[in-house]
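Reader: Please pick one part of this model and look at it closely. I am a first-year student and would like each term explained.

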Amino acid sequence: MKTFEYTIKDELGIHARPAGLLVKEAKKFESECTITKDGKTKKLTQLMMLMSLGVKQGDTVTVTAEGADEEAAVAALKEFFENNL
């Protein structure tokens, strides 16, 4: 299992457009990718569940990948967060 923490910089937080792109990115990997905020964990492949976390600017989230390609998944997701959120 690989994880990283990220503090959201986007002024709108994780809103519809980046959430949709994030789900697409997570679906590229075999590993199960999850996001945790305030003790609530949701799969990154489920758009509505991701949106239900209500992640806002300044919130810190923990992203986890567990599975065969977890190294690649965490690297790609970390890059996605840095470039888009």
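Author: A residue is buried when its relative accessible area is under 20%, exposed when over 50%, and partly exposed in between (1.4 Å probe, protein chains only). The model is predicted: local features need pLDDT of at least 70 and side-chain atom pairs 80 or more, while totals for chains, interfaces and linings use all residues. Residues count from 1 along each chain as its sequence is written, and side-chain values use heavy atoms, without hydrogens or water.

The part chosen here is helix α3, residues 70-84; helices (H or I, at least four residues) and strands (E, at least two) are DSSP runs numbered from the N terminus. α3 has 15 residues. From its first C-alpha to its last it reaches 21 Å, close to the 21 Å expected at 1.5 Å a residue (1.5 Å times one less than the number of residues).

Which residues of α3 are buried? They are Glu 70, Ala 73, Val 74, Ala 76, Leu 77, Phe 80 and Phe 81. These buried residues pack against two kinds of neighbour: the helix α1 and the strands β1, β2 and β4.

The strands belong to an open sheet of four, in the order β1-β4-β2-β3, with antiparallel pairing (strands pair if DSSP finds at least two bridges between them). β1 and β3 are at the edges with a single partner strand each, so each has one side without a neighbour in the sheet. β3 covers residues 40-43. Between β2 and β3 there are four bridges, and Lys 37 faces Lys 40 in β3. β2 is also joined to β4, by five bridges, with Thr 34 opposite Thr 64 in β4. The antiparallel strands β1 and β4 share six bridges; here Glu 5 stands opposite Thr 62 in β4. α3 packs on this sheet, touching β1, β2 and β4 (contact means heavy atoms within 4.5 Å), and its direction makes about 5° with that of β1.

Next comes the nonpolar core, a set of buried Ala, Val, Leu, Ile, Met, Phe, Trp, Tyr and Cys residues joined through side-chain atoms within 4.5 Å. The largest one has 25 residues, and those with the most contacts inside it are Ile 14, Ile 35, Leu 44 and Phe 81. At least two core residues come from each of β1 (2-7), α1 (16-26), β2 (32-37), β4 (60-66) and α3. Of these, α3 gives the most, with six residues. Ile 35 shows how the core is joined to α3: leaving out residues up to four places away in sequence, its contacts include Ile 14, Leu 44, Leu 50, Leu 53, Val 61, Val 63 and Phe 81.

Phe 81 also takes part in ring pairing. The whole structure has three aromatic pairs (Phe, Tyr or six-membered Trp rings with centres within 6.5 Å; planes under 30 degrees apart are stacked, over 60 edge-to-face, the rest tilted). The ring centres of Phe 4 and Phe 81 are 5.8 Å apart and their planes lie at 80°, so this pair is edge-to-face. Phe 4 is in β1 and Phe 81 in α3, so the pair ties together parts 77 residues apart in sequence. Phe 4 and Phe 81 are both buried. Phe 81 also forms an edge-to-face pair with Phe 80, at 6.4 Å centre to centre and 80° between the planes. Like Phe 81, Phe 80 is buried. Ring pairs link these three residues and Tyr 6 into a cluster of Phe 4, Tyr 6, Phe 80 and Phe 81.

Methods. Axes are lines fitted to C-alpha atoms, for helices over the stretch in contact, and angles run from 0 to 180 degrees between N-to-C directions.
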